[in-house]
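Visitor: I would like to go through how the parts of this protein meet. Please show me the model.

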Amino acid sequence: MLEFIDEELKLLKGTGLYRQLRTIEKTDGRTITIDGKSYLNFCSNNYLGLANHPRIIEAAQKATAEYGAGAGASRLISGNTILHEKLERKIAEFKKREAAIVFPTGFMANLGVMTALLDEKDTVIIDRLDHASIIDACRLSKAKLQVYPHKDMKALEKILGRSQSFSKRLIVTDSVFSMDGDLAPLPEIWSLANKHRSLVMIDEAHATGVLGKCGRGLEEHFGLEGRTDIVMGTLSKAIGSLGGFVAGSQQLINYLHNKARSFIYTTALPPASCAAALAALELIENDPSFLNKLRANLKSFSAIVPIIPIILGSAEKAVKASQDLFKRGILLSAIRPPTVPQDQSRLRLTICAQHTKEDIDCLASLLQELIPA
Ligand SMILES: *Cc1c(COP(=O)(O)O)cnc(C)c1O
């Protein structure tokens, strides 16, 4: 009966698409130990190194001692500590919104907000390269899903033009596209949404802590904060902890408390994760050195976003390049379909604040040697 599993796995192995876990024995963020050997980590989303910062680890330890290892219940039952509320107030302030709500992960935040807001009478309009969690949230929402080619504003306008009969229209875009590291054209999206009376939601997973003068995200980058109806993000990337969030009006957040199933029917975030995220946001606000260090590292690549794709084509090519780098002490995962489109398999290089100049020089020379232009 389970023969289809064997067949499917064989197919994945034959096409270079089989995925396997690697066991990390030790890490300080910058380096990672696998099978007793140390590697430079160039594929982490811990962009500011905050997951390993002593102040943040201490905050997590203190919260665990005070509140326990787990929250013990959902937020609405008995899992809502003072730390959860402090964290939400801090996120709202950071994103310049009235209020915020925290979910156990970013994936669950997307599921929760989109299924709560949309139904069969609505349409949701997304960029073709939006994150998998947005796509799954669309499917679960039952709204009519419409997809425009990557950053194609003419196509978005056309879709909006023929969508007036829907009860609500919601445009959802990644702020920073997770596999390409490019930015959504937010000002153009705002103006189209305004013209066609559509709501806008941005997924700031890779922008939070990274973009804009103070790391507040894509709106700050464009100098127009507070304009997007719904701001979603994660605490698991530059913030170095775990958890997803939505920030917006107090009414929106009250509504999500009552309607978002991935908030209501799941255990609250562990107190340690709340405390770590809170400490990280405070550190980002009070000490620009983390973001400055990241930006200095990004200068070598003439980049403003720490995600740098090196597109190689076939899955086999990407896997081979990743294995060659691994032999030389560099951890840089191959990204293959269905995460990226067919024939766009790649190495997705991420740069972090804790990388040294020597680390980056070492990587650059190995890339030149192993992947000739
Ligand atoms: C990582 C990511 C998520 C999911 O966040 P988690 O907290 O890891 O579940 C959502 N959207 C985008 C664009 C992401 O890159």
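Guide: What follows is a short exchange on the contact between two domains in this predicted model.

Visitor: Which residue ranges make up domain 1 and domain 2?
Guide: The domain assignment splits the protein chain in two. Domain 2 covers 54–286. Domain 1 is written as two segments, 21–47 + 306–370.

Visitor: How far apart are the C-alpha centres of domain 1 and domain 2?
Guide: The contact draws twelve residues from domain 1 and 13 residues from domain 2. The C-alpha centres of the two domains are separated by 27 Å.

Visitor: Which residues in domain 1 lose the most area to domain 2?
Guide: An interface's size is often given as the accessible area lost when the parts come together. Here domain 1 and domain 2 bury about 940 Å² between them, with 64% of it on carbon and sulfur atoms. On the domain 1 side, three residues together make up 43% of what is buried there: N45, Y47 and I307.

Visitor: Which side chains meet in a salt bridge?
Guide: Five residue pairs are in polar contact between domain 1 and domain 2. The rule finds one salt bridge across this interface. A salt bridge needs a nitrogen to oxygen distance within 4 Å. At 3.2 Å, N to O, the pair that meets is D180 and R346.

Visitor: Which strands each supply at least two residues of the side of domain 1 that touches domain 2?
Guide: That side divides into seven nonpolar, three polar and two charged residues. Two strands each give at least two of its residues: β11 (307–313) and β14 (345–350).

Technical notes. Residues numbered from 1 in each chain as written. Predicted model: local features only at pLDDT ≥ 70, side-chain atom pairs only at ≥ 80, totals over all residues. Heavy atoms only, no water. Domains from an automatic or database assignment. Contact = heavy atoms within 4.5 Å. Buried area = accessible area lost by both parts, 1.4 Å probe. Polar contact = N/O pair within 3.5 Å; in protein donor to acceptor, adjacent residues only side chain to side chain. Helix = DSSP H or I, 4+ residues; strand = E, 2+ residues; numbered from the N terminus. Nonpolar A, V, L, I, M, F, W, Y, C, P; charged D, E, K, R; others polar.
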